[in-house]
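Here are a few exercises to work through with the structure open beside you. Try each task yourself before reading the solution.

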Amino acid sequence: MTNEAPPAGPGAAADAVRQPPNREARNAGARSEAARQPVCTGCTGCTDRRTTRSLARRVAAEAVGTGLLVAVAVGSGIQASQLSHDAGVQLLANSLAAVFGLGVLIALLGPVSGAHLNPAVTLSVWYAGRRHGCGPALREVAAYAAAQVVGAVGGAVLADAMFARPLVKLSTHERSAGHLWLGEAVATAGLILLVLGLERAGRARLAPVSVAAYIGAAYWFTSSSAFANPAMTIGRSLTDTAAGIAPASLVPFIAAQLIGAALGLGAVAALYGRPGHGERDEAGAVSGS
């Protein structure tokens with residue numbers, strides 16, 4: 001009597017067909033499928049849902065972040081004017097508060113919403129990523145912009161409340177002059193170049209430090225003290241303090257900011273070319289300003 005195995009018949013062949021592929025084959029198939037998927041560049045406001053939150057949560061983050069940013073700008077301006085009558089000391093205090101506040105807010109809210117905190121940034125991110133689906137959709141742009149404006153108004157009211165000032169008082173600080181509009185265009189163009197340039201260079205993780213440092217510098221090297229933010233500009237029109245801007249000055253100021261954003265987009269295209277899908281930021285994270 002021998003121990004030979006019975007010959008394989010049709011039933012054995014059928015059993016073999018029904019056996020699931022081994023793990024190595026399954027992993028190879030998964031790798032092949034992943035290779036066919038486009039790789040997101042990790043841009044600000046990216047539509048890669050692995051790193052984004054619900055729209056409601058992102059909109060809330062934009063409203064809270066913009067509100068706190070305006071509260072920092074207005075509140076530090078009030079505090080500085082109460083402590084010193086020297087214009088240079090006031091500007092130094094205001095700019096330092098902006099640097100620290102903005103850096104913290106970007107680091108805190110970047111993983112939630114991209115920390116745009118600025119309609120000019122949101123519009124620029126949408127425009128830059130519209131062809132590749134690597135940016136916010138139009139409905140998200142509208143939601144972000146509305147939240148940023150509402151937050152900015154709330155931030156101005158909060159700052160005035162903290163210093164026992166009238167909660168809503170239109171600013172009388174006129175800012176209507178060609179050199180001021182030029183300053184706003186330059187400040188906003190530089191901001192957009194920085195935010196999108198960091199992404200294209202794979203350095204978006206440096207946004208909290210880099211954007212805060214740039215805005216701090218722009219407080220000093222621009223004639224307008226670098227609002228560079230339409231939502232903040234609207235919010236600051238509702239406080240009659242050193243940080244305010246008269247409502248009559250709003251339209252040309254915001255127009256200059258939007259022109260600056262367009263110039264910043266042009267500079268990004270000239271320096272970095274069109275975005276691709278094969279490069280990812282080192283941290284793979286969403287970040288913004």
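**Exercise 1. Find where Ala115 sits, and say whether it is buried or exposed.**

Step 1: Ala115 lies in the loop that runs between α4 (87–113) and α5. Helices here are DSSP runs of H or I with at least four residues, strands are E runs of at least two, and numbering starts at the N terminus.

Step 2: Its relative accessible area is 0%, so Ala115 is buried. The scale goes like this: buried is under 20% relative accessible area, exposed is over 50%, and partly exposed is in between, using a 1.4 Å probe and protein chains only.

Step 3: Now look at the backbone: phi of Ala115 is near 50°, a positive value in a residue that isn't glycine.

Before going on, a word on the model. It is predicted, so local features need pLDDT of at least 70 and side-chain atom pairs count only at pLDDT 80 or more, while totals for chains, interfaces and linings use all residues. Residues are numbered from 1 along each chain as its sequence is written, and side-chain values use heavy atoms, with hydrogens and water left out.

**Exercise 2. Work out what secondary structure the protein chain has.**

Step 1: Count the elements: ten helices and zero strands.

Step 2: Check how much is tucked away: of the chain's 289 residues, 46% count as buried.

Step 3: Take the contacts with a separation of 6 or more: residues 24 or more positions apart account for 82% of them. Contact means heavy atoms within 4.5 Å.

**Exercise 3. Describe how α5 is covered and how α5 packs with α7.**

Step 1: Start with α5 alone. Eight of its eleven residues are buried, so this helix is mostly covered. Among the buried ones are Pro119, Thr122 and Gly129.

Step 2: Ask what does the covering: α6, α7, α9 and α10 (250–272) are included.

Step 3: Take α7 as the partner. Helix α5 (residues 119–129) and helix α7 (residues 178–200) pack at about 45°, with axes 10 Å apart. That angle makes α5 oblique to α7. Under 35 degrees would be roughly parallel, over 145 roughly antiparallel, and 65 to 115 roughly perpendicular, with the rest called oblique. Axes are lines fitted to C-alpha atoms, for helices over the stretch in contact, and angles run from 0 to 180 degrees between N-to-C directions.

Step 4: Pick out the residues. From α5 come Ala120, Val121, Ser124, Val125 and Ala128, and they meet Thr188, Leu191, Ile192, Val195, Leu196 and Arg200 of α7. By class, this contact has eight nonpolar residues, two polar and one charged. (Ala, Val, Leu, Ile, Met, Phe, Trp, Tyr, Cys and Pro count as nonpolar, Asp, Glu, Lys and Arg as charged, and the others, Gly among them, as polar.)

**Exercise 4. Say how many salt bridges a search of the whole structure finds, and look at each one.**

Step 1: The search finds two salt bridges. The rule is a side-chain nitrogen of Lys or Arg within 4 Å of a carboxyl oxygen of Asp or Glu.

Step 2: One joins Glu140 and Arg58, at 2.9 Å from N to O. The pair links distant parts of the chain, 82 residues apart: Glu140 is in helix α6 (residues 138–162) and Arg58 in helix α3 (residues 55–83). Both Glu140 and Arg58 are buried.

Step 3: Another joins Arg165 and Asp160, at 4.0 Å from N to O. Arg165 has 33% relative accessibility, so it counts as partly exposed, whereas Asp160, at 1%, counts as buried.
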